[in-house]
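Hi everyone, and thanks for coming. Let's take a look at a structure together and walk through it step by step.

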Amino acid sequence: MNRSDDPTATATPLPDSAAIARRIAERQGQLQLTEDMLATRAGMTPTYLRYLLKAEADFDPGGLVRIALALDLTYQELVEGRSDLPPGQGPAPTVPALVRLTTRECWDRVGGRGVGRIALPTEPGPTVLPVNYAVDAGSIVYRTDPDGAAAPAPGSAVSFQVDHIDDHLSTGWSVLIIGTAEHIDSSEAIQRLETEHQMEPWAGGSRPLWVRIQPDTVSGRRIGAIGPDNHLH
């Protein structure tokens, strides 16, 4: 989220992270969901779920949308709390829904290139950074600084996420790829990638290290609402 540096601008207050975490815990208890069960339903790892609940509410709004729908709530209900409206003045009778995407549908949405987020294992929680990526031979590749924060150790387990979500309408999709990071050292492979993808790194500047994420699992969710006609919108 971009925040204005203009002192005269009216800032939109951030949702209360502690209140959101409390509502999630309360709803988990009502639905008898363990942390692992909630993470699976929301399409994220338990480690990332724990980190997300401790971060500011604007860190990953799309993640909060997925958590909300995994708890059978709307984004507004999770962030603002439920309100009891007078009879006859309630919202349109729609039900939020998460629909699992097939592997083919996941890759279709990831496309050939774009902007995603790489999550690297660090303490006390994962480091999540935006990167420009390309899809190459069934894997994700991106460029970074060999000594930078987005450079994982070879062989380390990482996760990569691409999504397109309207957090206010609670619609969109999200794809999570969990796999192993590799450094691409072959000069021939690097030349081919540079020729075929011509990809500029997110942070700009000299980013000579090419990283490949070999997927172990690819999962995704489509986020929408089931309307009175019983169709997903």
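Which residues have the most contacts inside the largest nonpolar core? Keep that one in mind for a moment while I set the scene. What you see is a predicted model, so please treat everything I say today as computed from that prediction.

First, the overall layout. The chain has seven helices and seven strands. If you read along the sequence, the pattern is α-α-α-α-α-β-α-β-β-β-β-β-α-β. There are 233 residues in the chain, and 39% of them are buried. About 12,900 Å² of surface is accessible, with 51% of that belonging to carbon and sulfur atoms. And if you take contacts between residues at least 6 apart in sequence, 67% of them join residues at least 24 apart.

Now back to my question. The largest nonpolar core has 24 residues, and the ones with the most contacts inside it are Ile24, Met44, Ile67, Leu71 and Leu78. Where do the core residues come from? Helices α1 (17–31), α2 (35–42), α3, α4 and α5 each supply at least two of them. Helix α4 gives the largest share, six residues. Let's follow one member, Ile24. Setting aside neighbours within four places in sequence, Ile24 is in contact with Leu38, Leu53, Ile67, Leu71 and Leu78. Apart from this core there is another one, of 22 residues, and Leu101, Val131, Ile177 and Ile213 are among them.

Let's zoom in on two helices. How do α3 and α4 cross? The axes of α3 (residues 46–54) and α4 (residues 61–70) come within 11 Å and cross at roughly 110 degrees. That angle makes α3 roughly perpendicular to α4. On the α3 side, Leu49, Leu52 and Leu53 do the meeting, and on the α4 side their partners are Gly63, Leu64 and Ile67. Sorted by type, the residues of this contact are five nonpolar, one polar and no charged.

Next, two buried residues that you can find on screen. Val79 is in helix α5 (residues 75–80). Val79 counts as buried because its relative accessible area is 13%, under the 20% cut-off. Not counting neighbours within four places in sequence, Val79 is in contact with Pro15, Ile20 and Arg23. Val79 and Ala68 are eleven residues apart in sequence, and their C-alpha atoms are 8.8 Å apart in space.

The other one is His197, in helix α7. Is His197 buried or exposed? At 10% relative accessibility, His197 is buried. Leaving out residues up to four places away in sequence, His197 touches Arg113, Ala134, Val135 and Asp136.

Finally, some backbone angles. Most residues other than glycine have a negative phi. With that in mind, have a look at Ala137, where phi is positive, near 55 degrees. Ala137 sits in the loop between β3 (127–136) and β4 (139–144). Its relative accessibility is 76%, so Ala137 counts as exposed. Gln198 also has a positive phi, near 45 degrees. Where is Gln198 placed? You'll find Gln198 in the loop between α7 (187–197) and β7 (209–226). With 63% relative accessibility, Gln198 is exposed too.

That's my tour. Thanks for listening!

Methods: Residues are numbered from 1 along each chain as its sequence is written. This is a predicted model: local features need pLDDT of at least 70, side-chain atom pairs count only at pLDDT 80 or more; totals for chains, interfaces and linings use all residues. Side-chain values use heavy atoms; hydrogens and water are left out. Axes are lines fitted to C-alpha atoms, for helices over the stretch in contact, and angles run from 0 to 180 degrees between N-to-C directions. Helices (H or I, at least four residues) and strands (E, at least two) are DSSP runs, numbered from the N terminus. Angles under 35 degrees count as roughly parallel, over 145 as roughly antiparallel, 65 to 115 as roughly perpendicular and the rest as oblique. Contact means heavy atoms within 4.5 Å. Ala, Val, Leu, Ile, Met, Phe, Trp, Tyr, Cys and Pro count as nonpolar, Asp, Glu, Lys and Arg as charged, and the others, Gly among them, as polar. Buried means under 20% relative accessible area, exposed over 50%, partly exposed in between (1.4 Å probe, protein chains only). Accessible areas come from the Shrake-Rupley method with a 1.4 Å probe; for residues, only the protein chains shown count as cover. A nonpolar core is a set of buried Ala, Val, Leu, Ile, Met, Phe, Trp, Tyr and Cys residues joined through side-chain atoms within 4.5 Å.
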